[in-house]
Structures are given as structure tokens and as C-alpha cells.
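Here's a quick briefing to read alongside the model. Skim the lead, then dip into whichever topic you need.

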Amino acid sequence: MASTLTTVGVIPPRPILESEADLLAYKDQFLSGLTTAVDTALLAEPEYMIMGMSLEHILSGIDAVRAPMASV
């Protein structure tokens, strides 16, 4: 059986980062987009999923970065 590569992007909103509340809102929007992207990728019934992204700019600490990956 041939392997196929399917990619799905997270399309974040244009951030407005003037306050900590703005950053928290952007984080929630980005993680919601991540969930949507994973749901879309799952339609291809993948055997594996590789998540390639950087969350350090909106999450603090390695545990916070790993949590979204564990939830999907």
C-alpha cells in the first residue's frame, strides 16, 4: 500500500497583542484552530500524525506546550 502525505495548516487570526488579555485571547483562538486542523486531518484516516509548530510564543513552560498535543 502506498503512503500518502496529507498536510493541514492552522490559520491563526491576525494577532492584536497590546495586553496580556490580548495574548490569552490569541492563545485560545490558536489552540481552537489547532483542534480544527486535527479534526480535518483525521478525515484522511492517518496512521500517524506529526505536529510541527512552535507554541512557546503563546504558552509558558514545557508542560503547557505538551498539553495541547496530549489532548489531541
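**Quick briefing**

Thr-40 sits in helix α1. Keep in mind that what you're looking at is a predicted model. The protein has two helices and zero strands, and its radius of gyration is 14 Å, where a compact globule of 72 residues would come in near 11 Å.

**Overall build**

- If you box up the C-alpha trace along its principal axes, you get about 50 × 25 × 15 Å.
- Burial covers 17% of the 72 residues in the protein.
- The protein has about 5,800 Å² of exposed surface, and 55% of that comes from carbon and sulfur atoms.
- Take the contacts with a separation of 6 or more: residues 24 or more positions apart make up 45% of them.

**The largest pocket**

- How much space lies in the largest pocket? The figure is about 710 Å³.
- The lining of this pocket involves 24 residues, and those closest to its centre are Leu-5, Thr-6, Pro-46, Tyr-48 and Met-49.
- Sorted by class, the lining breaks down into 16 nonpolar, six polar and two charged residues.

**Before helix α1**

- Pro-12 belongs to the segment before α1, and Pro-15 is found in that segment too.
- Is Pro-12 buried or exposed? Neither label fits, because its relative accessibility is 34%, and that counts as partly exposed.
- Pro-15 has a relative accessible area of 38%, so it goes down as partly exposed.
- Which residues does Pro-12 touch once you set aside its neighbours within four places in sequence? The contacts are with Tyr-26 and Phe-30.
- Pro-12 also has its C-alpha 6.6 Å from that of Gly-33, with the two positions 21 residues apart in sequence terms.
- For Pro-15, the C-alpha to C-alpha distance to Tyr-26 is 6.3 Å, and the pair are eleven residues apart in sequence.
- Tyr-26 therefore turns up twice here, and α1 runs over 20-42.

**In helix α1**

- Thr-40, with 40% relative accessibility, is partly exposed, because the buried label needs a value under 20% and the exposed label one over 50%.
- How far apart are the C-alpha atoms of Thr-40 and Pro-13? They are separated by 18 Å, and the two residues are 27 apart along the chain.

**The loop between the helices**

- Glu-45 is in the loop between α1 and α2, the latter covering 62-71.
- Most residues other than glycine have a negative phi.
- Glu-45 is not a glycine, yet its phi is positive, at about 50°.
- Is Glu-45 buried or exposed? Glu-45 counts as exposed because its relative accessibility is 71%, and the cut-off for that label is over 50%.

**In helix α2**

- Val-65 is found in helix α2.
- With a relative accessible area of 14%, Val-65 is under the 20% cut-off and so counts as buried.
- Which distance separates Val-65 from Leu-55? From C-alpha to C-alpha it is 6.1 Å, for two residues that are ten apart in sequence.

**To recap**

- Among the residues covered here, Val-65 is buried, Glu-45 is exposed, and Pro-12 is partly exposed.
- The predicted model has two helices and a largest pocket of about 710 Å³.

Notes. Residues numbered from 1 in each chain as written. Predicted model: local features only at pLDDT ≥ 70, side-chain atom pairs only at ≥ 80, totals over all residues. Heavy atoms only, no water. Helix = DSSP H or I, 4+ residues; strand = E, 2+ residues; numbered from the N terminus. Buried < 20%, exposed > 50% of the residue type's maximum accessible area, 1.4 Å probe, protein only. Rg over C-alpha atoms; globule rule 2.2 N^0.38 Å. Contact = heavy atoms within 4.5 Å. Areas by Shrake-Rupley, 256 points an atom, 1.4 Å probe, with all protein chains shown as cover. 1 Å grid on protein atoms, 1.4 Å probe; cavity = no way out; pocket = protein on both sides within 12 Å on 5 of 7 lines; lining within 4 Å. Points joined across faces, edges and corners; volume = space filled by probe spheres on them. Nonpolar A, V, L, I, M, F, W, Y, C, P; charged D, E, K, R; others polar.
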